[in-house]
Each structure stands twice: as structure tokens, then as C-alpha cells.
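This briefing covers how strands and helices are arranged in the structure shown below. It is meant to be read with the sequence and coordinates at hand.

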Amino acid sequence: MDRLDGIVTPIQSLLFYFLFTLLCNLSFADPPYLHCSNTTSTYTDNSLFQNNLNNLLETLPSNASASKFYNTSARGNDTQVYALYMCLNYVEDQACHDCIAIAAQDIVSLCRNSKEAVVWEELCQLRYSNDDFFGKLNVSYNLPLDNVQNISQPEKFRSLVNETLNNLTQVAAYESANAYYATGEVDYMDKPVYALVQCTRDLSPDDCKTCLESATKDVLNKYYFSIGARLLSQSCYLRYELYAFYKGQSGGSSDSETSNKKGEDGGSKRWKVALATVVLACLVIALVCSCACYYAFNRSNKKTNKEMLRQLSHKNFHRDDTTAQEFLYIDLESILAATNKFSDSNKLGEGGFGPVYKGVLRDGREVAVKRLSICSDQGSEEFTNEVLLIMKLQHRNLVRLLGFCVDGEEKLLVYEYMPNSSLDVILFNPRIRAQLDWGTRIKIISGIARGTLYLHEDSRLRIIHRDLKASNILLDWDMNPKISDFGMARIFAGTEGQANTATIVGTYGYMAPEYAMAGLYSIKSDVFSFGVLLLEIITGKRNAGFHQTKCAPCLLSYAWKLWHEGQVLELVDSLAVDSYDQDEFLRYLQVGLLCVQEDAYDRPTMSSVVVMLKGESTGTLCQPKRPAFSMVRFKESCESGVDTCSVNGLTVSNVMPR
């Protein structure tokens with residue numbers, strides 16, 4: 001063993017270097033960015049202030065559909081609340097609405113009980129206070145953020161950007177017809193530099209000018225050497241990049257010559273570095289496994305894994321004020337106290353990789369603690385994968401990771417608490433399924449679709465979940481769905497469309513045929529799983545273990561059989577028959593059948609699914625073919641009611657149900 005240790009130690013050091021580099025490259029900043037005031041008193045739960053605040057925040061998204069700026073207040077005896085939002089002028093109305101809706105959720109959950117707070121999302125900002133701040137300039141908390149790539153000749157670049165921002169400041173404050181908003185571009189070494197400035201509309205022109213001048217000074221003093229940066233202020237906003245971000249381009253745009261030739265686009269280059277790091281890390285892991293026993297490798301990596309994740313909690317956001325994000329790492333003592341030392345009375349359920357417990361943190365937040373089983377082979381891999389993925393994702397239909405802990409053998413994930421448990425608990429229990437009326441089912445389906453679309457197309461990472469199922473859909477107080485459990489998810493780079501694996505993981509009944517049979521997965525695999533979920537939700541029937549008729553061994557084939565025969569209303573859940581809409585049911589059923597087509601090419605993308613779910617009729621939709629796993633031959637004797645049809649057997653190797 002001593003000889004092995006002599007070989008393993010330098011290799012493990014190299015492995016640690018590569019993996020740590022991977023974490024740093026993947027952990028670039030994502031919104032929301034926060035400022036929760038520590039100078040004002042806090043409010044108590046269920047107080048008049050909280051009630052006024054919640055009422056104000058609920059009204060803001062509806063106004064955001066029509067206006068990029070809005071301020072309002074609610075007043076009472078010692079309970080006054082003032083709030084405003086500002087969307088960037090170039091965003092569409094719906095994008096503004098969605099951004100403010102997310103900001104309203106984030107500001108109350110992340111600045112809990114604070115009487116004054118501001119949150120910046122990617123396309124908007126939201127602020128509230130118990131003091132009247134309307135029309136008052138505030139530059140006391142200016143937050144500069146940068147693109148981590150450096151520019152050549154930084155002093156020359158600084159001078160150019162400074163002049164450009166000063167010119168735009170003059171236009172926005174005194175000359176703009178677009179309400180304190182201006183954009184422009186200027187050449188730098190034959191490359192365009194794009195800049196944007198904007199003030200909140202409650203300011204005077206002089207205050208707008210003062211705010212933007214202060215913002216320009218702050219951002220260039222700190223990040224003059226960067227190829228791009230932004231300054232978040234409570235009263236204004238500015239940003240400059242080497243790509244036309246306000247014209248819809250992104251840092252990874254293929255038509256950006258700068259990004260393609262020089263790699264000056266930070267997001268694209270970081271992703272390439274991350275991919276290269278993954279390859280190198282895999283090679284090192286293979287080398288370690290070939291020259292050392294598993295025990296020695298595993299023992300020495302326990303400390304490494306812990307330190308990496310500690311580093312991750314502090315380096316996750318590229319900004320000066322990291323204290324607001326240090327909550328990501330929660331010590332074991334706090335979790336033990338929150339869960340009463342993992343008491344059985346606090347146990348919510350058992351997942352494929354360990355139990356889940358309810359807990360209450362010291363600040364009063366209710367949480368769900370996922371405790372990875374010590375004996376689980378996939379525990380460490382799933383844990384690291386889930387932390388790395390979910391802390392980068394921000395969407396109303398994805399469960400929020402509040403923190404994590406690594407301490408000895410303990411690996412713990414701390415999530416927001418979902419009081420209505422998981423979808424399967426309600427959907428497949430006939431005694432309580434009645435609370436899922438038709439409107440609630442439609443809301444759940446739409447939320448799952450939007451969350452999956454975000455993973456596939458709208459997040460900064462292209463993500464395949466690989467385990468969408470009813471038990472991984474959690475429900476909040478208002479029965480809004482939240483997709484959970486990203487331990488099996490995989491990231492796709494750029495325009496990658498599919499990949500394959502020798503180890504098939506997932507849940508029987510939700511897996512697409514190409515994945516179950518050949519290990520081939522893509523975004524269309526998730527579409528298949530979504531289709532199964534959709535059919536289960538509208539019918540109240542479970543796909544796996546479906547035994548209603550031998551002529552249709554699963555829900556998918558039974559639904560298609562009734563569709564083919566024009567008898568689909570037999571599928572309507574008897575517990576929803578009083579509230580369902582027939583035309584809507586037919587459309588959702590047809591969309592579900594399109595999602596579970598055997599050939600992945602025939603399945604729609606999630607963006608198409610979202611559009612089809614909002615459609616008016618089924619007339620314009622494609623006609624579904626026989627779905628996957630529908631191996632029954634519908635013989636005349638079977639169709640006439642004689643139950644003599646045969647069912648082909650199905651064997652799936654290396655399946656690991658969760």
C-alpha cells in the first residue's frame with residue numbers, strides 16, 4: 001500500500017487541479033444579484049408590512065406586460081411599502097413580465113424579512129423599501145460585474161469606453177425620446193463595441209446624469225481591462241460588450257467574428273475550457289483507477305471533494321460581495337438542528353439515492369434536506385452534478401437549491417420546501433386526486449413544459465434532465481410545479497444534439513425507446529418523458545403497471561387505441577369530469593401522443609409543445625402515429641371485445657429505476 005500511495009499522491013494532486021479548474025470555469029455568475037439592506041429593521045411573518053409587500057409584488061408582473069417602468073405604494077399605520085421595477089428597454093413585453101415575476105419571487109425568498117431590498121435579474125431590476133425613495137438618487141450600492149476575458153491595450157480601450165458611455169449619458173439624460181435610455185456602438189481596433197445606459201424614470205435629468213457618471217467611474221475603475229462589463233445601481237444601469245447584446249445576440253453567437261476568431265466572448269470560451277477540462281479530468285481518473293485500488297482513491301478524495309465544494313460556495317459568483325452567496329454552504333450542525341438529527345418524524349420520503357427530510361433553519365425557513373446514502377455507488381457523482389447544475393438555473397418551475405453540505409461521509413442538499421409533496425403522491429391516489437381539478441392540471445402541465453423548455457433552450461446551459469417523472473415534479477403552496485432531481489441530468493455543448501451511454505439510468509415507463517434500448521439520449525428523450533407525464537396528468541392513470549386491458553399493455557398504447565377508434569373521451573378522469581374542457585382535453589391528448597412517438601424525429605421540440613398547448617384547436621396539429629412501446633397488434637377479435645391478442649415481451653438491460 002505504501003508503494004501505491006507514492007504513485008497515487010501526485011496523480012491525485014493533478015486530478016484535484018483539473019477538477020478544481022473545472023469548477024471555477026463552470027461557476028461564472030448568474031442572476032439574481034441581490035442587495036438586502038442591513039441598516040433597517042426587519043418585518044415579522046404575517047405582519048401588515050408583509051401583507052402589503054406581498055400584495056404589491058403580486059400586482060407588478062401584470063403591469064410589466066405593458067410598461068418597462070412602474071412604481072407604486074401601499075400605505076398604512078407604520079406599514080407603508082414603496083416598490084418599483086425597471087425592465088431594460090429592448091426586451092419584449094412578455095419577457096419583461098416573466099422577469100418581474102421571477103424577481104418578485106427571488107426578492108422575498110432571498111431577502112427574507114428585510115424591509116428594504118433590491119434584486120437585479122438578467123433583464124430587469126426590482127426594488128422595495130419602507131421609506132419613500134421615489135425620485136431620489138441612490139448610488140450607495142453600485143455593483144460592477146465583468147466578463148472575465150481581458151482586452152488588448154486596456155488603457156486605450158478604457159478611454160474609448162469612457163467617452164462612449166459619457167456621450168450616451170448625455171443622450172439618455174437630456175436628449176432621448178426613449179425615457180432615459182440610450183444605446184450606441186463604436187469601433188475598437190476594427191471591432192464594434194456595443195454600449196447601453198438606462199435610468200429609472202422617476203429621476204430628474206440631472207440625477208440620471210449623475211447616476212450614470214458614477215456608474216461609469218465605478219465600472220471602469222475596477223474592470224477597465226475587461227472585454228465587457230455592467231454596473232448595477234439602484235437608480236440606473238449600464239453595460240458594454242463586444243457583441244450586440246441589446247439586438248438579440250449572445251456571447252456565443254456563431255455570427256460574431258470576434259467570438260469565433262479571438263475567443264473574446266467570455267461565455268463561449270469558458271465553455272470550451274470547461275469541456276477540455278472534463279476530457280483531461282476523465283483521462284486522469286482513468287489513470288488513477290489503473291494504478292491504485294478504489295479504497296485508497298476514494299479515501300483520499302473525501303477531503304478533496306469537500307474542499308472543492310467549499311471553494312465552489314465562495315467562487316460561484318464573480319463579484320466582490322460574496323457574503324450574500326455564502327449561504328450556499330450550510331454546516332452540518334445547522335442541518336442536524338433543523339431536521340432534529342434526521343428524525344423519522346421529519347422524514348418526507350425515500351428517493352433512489354437516499355431519504356429526504358423536512359427541516360426548519362434558524363432563520364425560520366422551511367427546507368427539504370436530501371441526504372445521500374453513504375452506500376450509494378452514484379452518491380458522490382450525483383451530488384456534485386446536482387450542485388453544479390442547479391445553482392446555475394433560475395426558473396419559477398425548477399426547484400431552488402438553497403444550500404449544500406459535505407462533512408465526512410455526509411453529503412446533503414438543502415432545497416426549498418414543497419408543502420404539497422410530489423405530483424405522484426396526489427395524482428395516483430384516488431382519495432385525494434379530486435383536488436386536482438382540470439384548471440390545476442392544466443397549470444401543472446404548462447409549468448412542466450415551461451421548465452423543460454428552459455432547460456433545453458433558454459438557460460445558459462443546454463440540459464437534458466433524463467429522469468422526468470411524476471415523483472420528480474414537486475408542488476408548492478399554490479400547486480405550481482417545480483422540476484427536481486438533477487442528479488442524472490447531462491449538459492450539452494453548443495449545437496450538440498444527442499449522446500449515448502452504456503449505463504442506462506432512469507425510470508421504466510418514462511424512458512424513450514432509443515434510450516432504453518440503445519442508450520441514446522437527446523432533448524427528444526425528455527420530450528418523450530413529458531408526453532408520458534402529460535397523458536398521466538389528464539387521465540389520472542399511471543403508465544407503468546397499466547392493466548386496464550390486455551390489448552393495451554400501457555397507457556400510451558391504450559390512449560392511442562382509443563384515439564384511433566374515436567373513443568378518447570373514455571380516457572377522461574372521472575374525478576375531473578365536472579371541470580374539464582372537452583376541446584382542451586382533446587388537444588392535450590393529441591399533443592401527448594405526438595410527444596411519445598416511437599421515432600424521436602417525429603416528436604416535437606419543447607418550444608413547439610408550448611405553442612401547441614396554447615393553441616385553439618386540434619385541426620392544425622399533426623396526426624400521431626402508433627406510440628413507442630405499443631407492441632400489440634390490434635386484431636379484429638381484440639377490437640370486437642374478445643381478449644385474445646398477444647403482447648410481445650420487452651427486456652431492458654442495465655436499467656436502474658429510481
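The points below take up two sheets, a hairpin, a set of helix pairs and the disulfides.

The model is predicted. One open sheet has five antiparallel strands in the order S1-S4-S5-S3-S2, and another open sheet has five antiparallel strands in the order S6-S9-S10-S8-S7. The disulfide count is five.

**Sheet S1-S4-S5-S3-S2**

- Five strands make up this open sheet, and their pairing is antiparallel.
- S1 and strand S2 (69–74) are the edge strands; each has a single partner strand, so one side of each lacks a neighbour in the sheet.
- Direction ignored, neighbouring strands of this sheet are turned by 5° against each other on average.
- Six bridges link S2 to strand S3 (residues 81–87), in the antiparallel sense.
- Tyr70 is placed opposite Tyr85 in S3.
- Helix H2 (residues 48–64) lies across S2, S3 and strand S5 (124–129), and runs at about 25° to S3.
- H3 also packs on the sheet, where it touches S1, S3, S4 and S5; the direction of H3 makes about 45° with that of S5.

**Disulfides**

- Five disulfides are counted, one of which joins Cys36 to Cys111 with an S to S distance of 1.8 Å.
- The torsion about the S-S bond of Cys36 and Cys111 is about -70°, so this disulfide is left-handed.
- Cys36 belongs to strand S1 (residues 33–36), while Cys111 is in the loop between helix H3 (93–110) and strand S4 (116–120); the pair therefore ties together parts that are 75 residues apart in sequence.

**Sheet S6-S9-S10-S8-S7**

- The five strands of this open sheet pair in the antiparallel sense.
- Strand S6 (143–146) and strand S7 (181–188) are at the edges, each with a single partner strand, so one side of each has no neighbour in the sheet.
- From one strand to the next, the twist averages 10°.
- S6 pairs with strand S9 (residues 229–232) over four bridges, in the antiparallel sense.
- Asp146 is placed opposite Ala229 in S9.
- Helix H4 (residues 154–175) lies across S7, strand S8 (191–199) and strand S10 (236–241), and runs at about 155° to S7.
- Helix H5 (residues 205–223) packs on the sheet and touches S6, S8, S9 and S10; the direction of H5 makes about 45° with that of S10.

**Hairpin S12-S13**

- Strand S12 (residues 354–360) and strand S13 (residues 366–371) are joined by five bridges, in the antiparallel sense.
- Lys358 is placed opposite Ala368 in S13.
- The hairpin formed by S12 and S13 has five residues between the strands, and Gly364 in the turn has a positive phi of about 95°.

**Helix H12 with H17**

- Helix H12 (residues 438–458) packs against helix H17 (residues 606–613) at an angle of about 155°, with the axes 9 Å apart.
- H12 and H17 are therefore roughly antiparallel to each other, and H12 passes H17 in a left-handed crossing.
- H12 contributes Ile445, Ala449, Thr452, Leu453, His456 and Glu457 to the contact, and H17 contributes Met606, Ser607, Val610 and Leu613.
- By class, the residues in the contact of H12 with H17 are six nonpolar, three polar and one charged.

**Helix H12 with H16**

- The axes of H12 and helix H16 (residues 582–595) cross at roughly 30° and come within 12 Å.
- That angle makes H12 roughly parallel to H16, and the crossing of H12 past H16 is left-handed.
- Trp438, Ile442, Ile445 and Ser446 of H12 make the contact with Glu584, Phe585 and Tyr588 of H16.
- The contact of H12 with H16 has five nonpolar, one polar and one charged residues.

**Helix H14 with H17**

- Helix H14 (residues 523–539) packs with H17 at an angle of about 25°, and their axes are 11 Å apart.
- H14 and H17 are therefore roughly parallel to each other, and H14 passes H17 in a right-handed crossing.
- Val527, Phe530 and Leu534 of H14 make the contact with Met606, Val609 and Leu613 of H17.
- The contact of H14 with H17 has six nonpolar residues, with no polar and no charged ones.

Definitions and conventions: Residues are numbered from 1 along each chain as its sequence is written. This is a predicted model: local features need pLDDT of at least 70, side-chain atom pairs count only at pLDDT 80 or more; totals for chains, interfaces and linings use all residues. Side-chain values use heavy atoms; hydrogens and water are left out. Two strands pair if DSSP finds at least two bridges between them. Helices (H or I, at least four residues) and strands (E, at least two) are DSSP runs, numbered from the N terminus. Axes are lines fitted to C-alpha atoms, for helices over the stretch in contact, and angles run from 0 to 180 degrees between N-to-C directions. Contact means heavy atoms within 4.5 Å. Angles under 35 degrees count as roughly parallel, over 145 as roughly antiparallel, 65 to 115 as roughly perpendicular and the rest as oblique. A crossing is left-handed if the near helix is turned anticlockwise from the far one by less than a right angle, and right-handed if clockwise. Ala, Val, Leu, Ile, Met, Phe, Trp, Tyr, Cys and Pro count as nonpolar, Asp, Glu, Lys and Arg as charged, and the others, Gly among them, as polar. A disulfide is a pair of cysteine sulfur atoms within 2.5 Å.
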